[in-house]
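Biologist: Please take one part of this protein and go through it closely. I would like to hear about the empty space, and how you define it.

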Amino acid sequence: MGTTDWTQLWLNYHRVYEGDGAWNIALEGFSDTDVVISNAICEFRKAIELLTGEQVSDSPEAGKKALTLKIAKVASISAEGYSIKGSTNGIDLSASDANGVLYGVFAILRLIACGKRADEVAETASPSNPLRMMNHWDNMDGSIERGYSGNSFFFENEEIIINDRTRDYARFMASIGINGIVINNVNVKGAASYLITDRYFDKVKELSDIFEGYGIKLYMSLNFASPIEIGGMDTCDPLDRSVISWWEKKIKEVYDNLPHLGGFLVKADSEGRPGPFTYGRTQADGANMLADVIAPYGGIIIWRCFVYNCTQDWRDTKTDRARAGYDYFKDLDGAYHDNVILQIKNGPMDFQIREPVSPLLGGLTKTNQMLEVQAAQEYTGHQIDLCYLIPLFKEVLDFHTHCNEEKDTVADIVSGRTMGNNLGGMSAVINTGNDMNWTGDDLAAANTYGFGRLSFNTELTAEEIAREWIAQTLNLPKKEEDILCSMLLRSREIYERYTSPLGIGWMVTPNGHYGPSVDGYEYSRWGTYHRADHLGIGVDRTDRGTGYAQQYYPENAKLYNDPNTCPEELLLFFHHIPYTWKLKTGKTLIQHIYDSHFQGEEEARGLAADWDSLKDAVPEEVYKRVKERFDLQLDNAREWRDQVNSYFYRKCGIPDEKGRTIY
Ligand code: GCU
């Protein structure tokens, strides 16, 4: 079990073998005056000693075998890529740039922590995606929107915090290949609007410099109404000449102070945020204006497609929030300038436990696009319930959009392989906070780790990632590793079973989004997401209903349009189905709802029991922390099971075939 420093996440560096060498470092074509290189060396120096007992030293003790970490510049290796190869003399690391060196060093340390000896390490890799980003939804008062791990470690009382944890955080992110971080919430309010003023430049610069040392660019979320909020103007119309001049001056000032800034993330015209619609302008008008202003500085504008009218009246059955992204953005495909990226949530709604892939991904063919997922467990258990999300992210990446004969998966599209564009990638709403263990639930760190690794290498499997994370974090014996790995891999479907069935989504407590409320929806007194009546449940999104299914390319549109071919896990997302409908298992829909809720609750108990079986294998404090969460998860699972089953039993009056208690 060893001693464990819970502040170090997967950079926990357990002793994995007793080495008998002494390391020296040789640089060819790189210099340690480059801060990224010197940070990489520093990480190697510290970690190799913890992992193997071997030191990096200019004057090794007599009798120690000389080992060299040779870091060489090889121009033919692609940007940020690396090649590492161990031998009895040490390890050769080649890369063409400093980020490649940093990632190569972290790869060496990962492989050793996962059980290889230094002479056995061998890996060649280059990132699947140009941009691999974390989006913080941190507010400047220290709170975090949808944060389940304490408060922000960037902000407190409208000040920026910089301490040892800042550097640790940058190390963690670099170790999983993250190269961009948005530090503040997309809902830019209050003091956050002033991040682009001299009130904060010095501190943001300090933060940006720390990030830069780990190959990470700092980004900020931007208030589209800044000309009004901080500029004292009476408009923020993106086509107004005086507004454009205001931005030109502002962005110059920003880059004079923050020369390494990556650019801005913008949420406009959504959930009360200002945007170009107010002035009768399009999303492209808004994004392009900012993009043109920032272009001379090499900056980019990441424009979110989470644009919908949250006050829509759901009594009208043709109204469909799922349609909104495509309806607003598809017609403007090709109108966006080269340094704009559209950031698209994985599904058309909002990070539910199961949704179809957004039809905008690949639906756009002439626009840079980026996939947004949520590592923060807003709708997936608040980092109380176990929910390893990498299988979900993988499903999205592997989805065939049919936008092309080949190279048509989401992974192909956002990486740039489909359209040959240089800008694109993946973003996650991050799940960290200032809790000592960073993610509240220790096991939720698997999602933080997993997102980074997956964005760097979309070919990795959810299981490979889980095993890497377990080995580095807990260094468990094989049998215990297998148990924990299986828990992680089963957890998403278990959560799905006891919450909302077959893609229907929500049924969750309004605003808070934890625990059941079958009819709950914060924005409307009238609407329910599930549209259940006494005969059936689900939303008709076919060509006879809202027409949403027709937003896909024909192959998928056809599949989704017919309840007989629609993937069953999405049946209620696309169709209004009678309770007596027979599923492929031969069960009726209502029996499936009952059974899956009983099963999910039982399986949640199984997860908790599995965790108990690990009691002696994991450090006591981790055992206790996670156990407390499982206790809460079991309450939650029971509550979901009973509320959902009773609700539908009362709606349809059809009893459970197995005669179990439904209230
Ligand atoms: C969800 C979430 C909000 C968030 C929004 C967004 O609706 O509940 O808190 O602001 O997504 O992605 O912008």
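Modeller: What follows covers the largest pocket, then the largest cavity and the strands beside it in the account.

This is a predicted model, in which local features need pLDDT of at least 70, side-chain atom pairs count only at pLDDT 80 or more, and totals for chains, interfaces and linings use all residues. Residues are numbered from 1 along each chain as its sequence is written, and side-chain values use heavy atoms, with hydrogens and water left out.

Rolling a probe the size of a water molecule over the atoms shows where empty space is left. The search runs on a 1 Å grid over the protein atoms alone: a cavity is a set of points where a 1.4 Å probe fits but cannot get out, a pocket is an open set with protein on both sides within 12 Å along at least five of seven lines, and lining residues have an atom within 4 Å of a point. Points are joined across faces, edges and corners, and a volume is the space filled by probe spheres set on them.

The largest pocket has a volume of about 550 Å³. Its lining has 31 residues, and Glu80, Asn99, Pro130, Asn179 and Lys217 are the closest to the centre. Helix 1 (35-52), helix 2 (98-113), strand 6 (131-135) and strand 10 (217-222) each give at least two lining residues; helices (H or I, at least four residues) and strands (E, at least two) are DSSP runs numbered from the N terminus. Domain 1 (3-125) and domain 2 (131-473) each contribute at least three residues to this lining, with bounds from an automatic or database domain assignment. By class, the pocket lining has 15 nonpolar, 10 polar and six charged residues (nonpolar: Ala, Val, Leu, Ile, Met, Phe, Trp, Tyr, Cys and Pro; charged: Asp, Glu, Lys and Arg; polar: the others, Gly among them).

There are 12 cavities of 30 Å³ or more. The largest cavity holds about 160 Å³ and is lined by 20 residues, with Cys305, Phe306, Gly325, Gly347 and Pro348 nearest its centre. Helix 8 (324-329) and strand 13 each supply at least two of them, and helix 8 has the largest share, three residues.

Strand 13 (residues 340-345) also pairs with strand 14 in the parallel sense over four bridges, where pairing takes at least two DSSP bridges. Ile344 stands opposite Leu371 of strand 14. Six of the six residues of strand 14 (residues 369-374) are buried, so this strand is largely enclosed by the rest of the structure (buried: under 20% relative accessible area, 1.4 Å probe, protein chains only).

Conventions:
Buried means under 20% relative accessible area, exposed over 50%, partly exposed in between (1.4 Å probe, protein chains only).
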